[in-house]
Amino acid sequence: MNQFICFLIILGLLLVIGISFSQEFVPNYDETKVPTFKLPDPLQLENGKRVKKADVWWKKRRPEIFKLFEEQVYGKMPDKFEKITYKLLEMDSGALAGKAIRKQVTVYLVGREDGPKMDLLIYLPNQAHGPVPVFLALNFYGNHTIHADPNITMTDSWVQNNKEFGITQNQATDFSRGIRASRWPVAQILARGYGLATIYYGDIDPDFDDGFQNGVHPFFYKQGQTQPEPDEWGSIAAWAWGLSRAMDYLETDKSVDSKKVIVMGHSRLGKTSVWAGAADQRFAIVISNNSGCGGAALSRRQFGETVGRINRVFPHWFCDNFNRYNENEAALPIDQHQLLALIAPRPLYVASAEEDRWADPKGEFLAAKYASPVYELLGKKGIPADAEPKIHEPIMTTIGYHIRAGKHDVTRYDWERYMDFADLHLKNK
Ligand code: GCU
């Protein structure tokens with residue numbers, strides 16, 4: 001009898017495992033299986049009227065679209081908070097063998113030292129005369145991973161374990177110093193006259209689902225509130241909010257040209273840079289590197305990663321309302337081309353990688369293309385109608401796009417194009 005019960009239990013378990021396996025997410029990588037869909041028109045008001053003038057875009061249509069992204073996708077950021085305060089931790093004007101000025105600044109995100117804080121690492125070209133344009137980008141594993149410079153302060157925030165990087169206790173160790181240097185060509189950035197400012201994203205909100213008890217969220221709960229409302233910010237919006245607080249600091253730094261801050265991000269941090277650029281118009285240029293689902297890629301194509309899949313695996317990234325569209329993309333009141341349109345008329349660059357099918361390179365391109373009518377309404381040039389991007393043939397109007405060979409990553413090729421694009425739009429202006 002006992003044996004029989006055991007047998008039944010094992011059989012039951014095998015069945016459950018079998019079912020969950022059969023339900024395992026299988027991404028679609030077949031262009032012929034992309035569903036037919038109709039995209040919401042960025043230039044049609046909710047009342048059905050067409051937007052024919054720039055002021056109607058600014059006063060009516062843009063706020064409509066922005067509100068939908070806030071309430072249905074990323075969640076609303078706090079509208080009231082104390083101004084940041086900051087402390088210069090360290091500065092060296094002979095850093096990187098004399099090529100750079102290095103500054104490390106702690107930013108107190110709600111204005112007090114016992115509140116949440118993030119460390120900003122800044123490199124500026126040493127030979128600069130006057131304020132310089134700066135690339136601002138979050139990093140995945142701590143500031144000390146972007147360069148072997150032994151003077152970069154190591155984060156004591158929670159870090160994702162990664163055996164290859166020697167991180168096992170969710171704490172960074174010296175082993176990971178410079179480990180991500182290939183993604184950060186600091187010397188080239190400085191040589192071309194740009195500065196670089198970076199922050200470890202986990203300083204703002206650690207990237208795991210803990211019901212929003214850590215990171216910046218709890219500092220904004222109303223009395224009795226224990227987690228964000230369904231239309232309030234998830235982690236992506238919190239990281240984007242952190243980028244705006246970095247901008248608050250950069251506006252105070254005389255060596256930085258704060259009218260020329262380029263916000264850049266890769267992957268989940270690309271989703272973040274685009275939302276930051278949409279929400280905060282102080283960013284002069286916005287760059288999405290392989291940002292994919294919930295970033296630059298059109299959700300309705302359901303190619304590679306989908307809304308349902310991203311919400312199940314990363315339940316903390318978006319607001320809870322976004323779950324309404326799991327396996328139900330057609331019901332979305334927006335699509336990601338409208339997110340890109342929120343950047344207009346500021347220069348926007350979207351980059352894909354050929355082997356990064358999970359992020360849907362074609363969907364990233366099409367979103368940039370379908371954002372173009374808004375750029376044109378505002379007197380700028382978008383993606384030309386007949387453009388068909390080939391590998392390593394970047395398009396650069398007010399919207400930039402390239403697809404490069406290789407996988408999901410940030411490479412020297414990507415950075416070179418971003419600097420070409422920044423030169424085009426910021427130099428001598
Ligand atoms: C996962 C996730 C992507 C994300 C990526 C990253 O692959 O599914 O949406 O862009 O992680 O941030 O590295």
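This passage walks through the overall fold, the ligand site and two spots of unusual backbone in a predicted model.

Starting with the big picture, the protein's secondary structure adds up to ten helices and ten strands. The radius of gyration comes out at 22 Å, close to the 22 Å that the globule rule gives for 429 residues, so the protein is as compact as a globular protein of that length. Taken along the principal axes, the box filled by the C-alpha atoms is roughly 85 × 55 × 50 Å.

Next comes the ligand. It sits in the largest pocket. Around the ligand are Ser 267, Arg 268 and Lys 271, then Glu 305, Ile 310, Phe 314 and Trp 317, and finally Trp 358 and His 408. Sorted by character, this shell holds four nonpolar, two polar and three charged residues. Several of these residues also put a side-chain N or O atom within reach of a ligand oxygen, as polar contacts go (within 3.5 Å). For Arg 268, the distance from an N or O atom of the side chain to an oxygen atom of the ligand is 2.5 Å. The side chain of Lys 271 has an N or O atom 2.9 Å from a ligand oxygen, and for the side chain of Trp 358 the corresponding distance is 3.0 Å. On its own, the ligand has 320 Å² of accessible area, and the protein covers 82% of that.

Two places in the backbone deserve a look of their own. As a rule, most residues other than glycine have a negative phi, and most peptide bonds are trans. One spot to check against that rule is the bond between Ala 344 and Pro 345, which is a cis peptide bond with omega at about 0 degrees. Pro 345 belongs to the loop that runs between helix 8 (336-341) and strand 8 (348-353). The other spot is Asp 360, which is not a glycine and yet has a positive phi of about 55 degrees. This aspartate is found in the loop between strand 8 and helix 9 (361-377). Strand 8 thus borders both loops: the one with Pro 345 and the one with Asp 360.

How values were computed: Residues numbered from 1 in each chain as written. Predicted model: local features only at pLDDT ≥ 70, side-chain atom pairs only at ≥ 80, totals over all residues. Heavy atoms only, no water. Near = heavy atom within 4 Å. Polar contact = N/O pair within 3.5 Å; in protein donor to acceptor, adjacent residues only side chain to side chain. Areas by Shrake-Rupley, 256 points an atom, 1.4 Å probe, with all protein chains shown as cover. 1 Å grid on protein atoms, 1.4 Å probe; cavity = no way out; pocket = protein on both sides within 12 Å on 5 of 7 lines; lining within 4 Å. Sits in = over half its atoms within 2 Å of the grid points. Nonpolar A, V, L, I, M, F, W, Y, C, P; charged D, E, K, R; others polar. Helix = DSSP H or I, 4+ residues; strand = E, 2+ residues; numbered from the N terminus. Rg over C-alpha atoms; globule rule 2.2 N^0.38 Å.
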